[in-house]
Amino acid sequence: MSVDVLLGLQWGDEGKGKIVDYLAPKYDFIARFQGGPNAGHTLEFDGIKHVLHQIPSGIFRDNKHNIIGNGVVLDPVIFIDEIIQIEKKFNIDLTKILSISTRAQLISPVHRLLDKILEKNKGDSKIGSTLKGIGPTYQDKIGRHGLRVGEVLSKNFNDKYAKQKSYHDNFLDGHYDQPFFDEEKKFFESIKKIKKFKIVDTEYLMNKNINRGKNILAEGAQGTLLDIDFGSYPFVTSSNTTTAGACIGLGISPNKILNVFGIFKAYCTRVGAGPFPTELFDDVGKKIASNGNEFGSTTGRARRCGWLDIPALKYSIMLNGVTELYMMKADVLSDFNEIKVCIGYNYNGEKIDYFPSSIESENISPIYKTFQGWTSKSNKAKKFEDLEKNFQSYVRFIEDQVGVKINLISLGPVREQTIYIN
Ligand code: GDP
Ligand code: IMO
Ligand code: MG
């Protein structure tokens, strides 16, 4: 019996979806613990590519039960759209294999509208939010007037919605228009449909099953550097994306967690605004973006690209208690003459080797170590020893720097393009 946590160590889009799907056969339950439809987790298998936003990435593996935990903010409209798409494409009945926490918060059209207005009001300092209503929904949760999924079963749901909306009326007055009312209509239609799913106290479901010896994989969304407390604030999301967030977001005590799988790209990307010390603005950055097809899975926006940042990686490993590292998209770095890795920074005139709490592009510049590149022949490797020597040196260098073993190297988006190293 154990709970393992899988999460991103960078700014999101590390390839979490691929690896949850890859590991899912070893687990009985797959559970999302935070975030919402701001996430886009891509899975590729049997010639099919599918992007999941709110549904856990164990959904395509037989006999796995999938859970949307209390830490998640759920948009019922997007959720029902996702369900319809999957049911059409794969002919499976998801009501049987998916449970939603009574305590998960509901994203409503009001939250999406607030997100849009608040972001616009930020002007030049805008975060680059996905505008899915994430921040305003978590604000209502903390403000103690959130609407929870369990409440869709109440006869007074419409009154509860109206009451929550009234908290925002002053601010939103003048913004309620026909498209908003159309969205509200869709919201209520989706609320009806969501009742077909198992809406349960998932904290009991999980703990009972842990006691029965079942295995759970907790699936993180976003990444550690987007964490509300430890990320590059204020350019962050509104939830705790770290291992501690899995305890809060599922109702599991810390001593139940065994392994923490930290997922990172062999380089870095970021979508949206905010500091990014190793960002590349030249042709090398463009080549990484094009090799890695770096466009957001949720918004389609171009992702900013740069070299791997070791101080940031060490910081994320420390915060999460990572026990195994999984290096993703290593194939993207093939056919470069040179590969660089950031091993420290010049920060306010000083050399440092940690990730500071306050970064602005002007006050930080990376210190690099340069490696000789490798060729795309390595992308066909089935085991570590098949990788070219320069590739192997890159892996060993990262392990030496961060003090945690790299147990998995991903060389492409499909399940089979994965090397597991014991
Ligand atoms: P997530 O949000 O962490 O699940 O990651 P995304 O799905 O947003 O972005 C990762 C993208 O890279 C997706 O398009 C994946 O299909 C793709 N991908 C995952 N692993 C690899 C890999 O090892 N190599 C390449 N080239 N693509 C990968
Ligand atoms: P996955 O799970 C990458 C970024 C947004 C923005 C900031 C705040 O696919 O890795 P929000 O919508 O939360 O208000 O946006 O966080 N962001 C992500 N970037 N991957 C994600 O999820 C992200 N979810 C949010 O681009 O900069
Ligand atoms: Mg993503």
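Student: What makes H1, E3 and strand E4 (48-52) part of the lining of the second largest pocket?

Tutor: In this predicted model, H1, E3 and E4 each supply at least two residues of that lining. A residue counts as lining if it has an atom within 4 Å of a pocket point, so each of these elements has at least two residues that pass this test.

Student: Which element gives the most to that lining?

Tutor: E3 does, with four residues. The full lining has 28 residues, and those nearest the pocket centre are Thr 42, Glu 44, Arg 303, Lys 329 and Pro 413. The volume of this pocket is about 550 Å³.

Student: How do you know that ligand 1 sits in the second largest pocket?

Tutor: The test is that more than half of the atoms of a molecule lie within 2 Å of the grid points of the pocket. Ligand 1 is assigned to the second largest pocket, so more than half of its atoms meet that cut-off.

Student: What makes Lys 16 one of the residues that surround ligand 1?

Tutor: A residue is near a molecule if one of its heavy atoms lies within 4 Å of it. Lys 16 is among the closest of the 20 residues around ligand 1, together with Thr 42, Ser 297, Asp 331 and Ser 410, so Lys 16 has a heavy atom within that cut-off.

Student: Why is the pair between Asp 331 and ligand 1 called a polar contact?

Tutor: A polar side-chain atom of Asp 331 lies 2.8 Å from a nitrogen atom of ligand 1. The limit for a pair of N or O atoms is 3.5 Å, and 2.8 Å is within it, so the pair qualifies. Backbone atoms serve as well: a backbone N or O atom of Gly 17 lies 2.8 Å from an oxygen atom of ligand 1. A polar backbone atom of Gly 40 is also 2.8 Å from an oxygen atom of the ligand.

Student: How much of ligand 1 does the protein bury?

Tutor: Ligand 1 taken alone exposes 590 Å², and the protein buries 93% of that. Helix H1 (16-23) and strand E3 (41-45) are the elements that give two or more residues to the shell around ligand 1.

Student: What makes Gly 17 polar when the shell residues are divided by class?

Tutor: The convention places Gly among the polar residues, so Gly 17 is classed as polar. The shell divides into four nonpolar, eight polar and eight charged residues.

Conventions. Residues are numbered from 1 along each chain as its sequence is written. Chains are lettered from A and ligands numbered from 1 in the order in which they are written. This is a predicted model: local features need pLDDT of at least 70, side-chain atom pairs count only at pLDDT 80 or more; totals for chains, interfaces and linings use all residues. Side-chain values use heavy atoms; hydrogens and water are left out. A polar contact is a pair of N or O atoms within 3.5 Å; within protein, one must be able to donate a hydrogen and the other to accept it, and residues adjacent in sequence count only if both atoms are side-chain atoms. Accessible areas come from the Shrake-Rupley method with a 1.4 Å probe; for residues, only the protein chains shown count as cover. On a 1 Å grid over the protein atoms alone, a cavity is a set of points where a 1.4 Å probe fits but cannot get out, and a pocket is an open set with protein on both sides within 12 Å along at least five of seven lines; lining residues have an atom within 4 Å of a point. Grid points are joined across faces, edges and corners, and a volume is the space filled by probe spheres set on the points.
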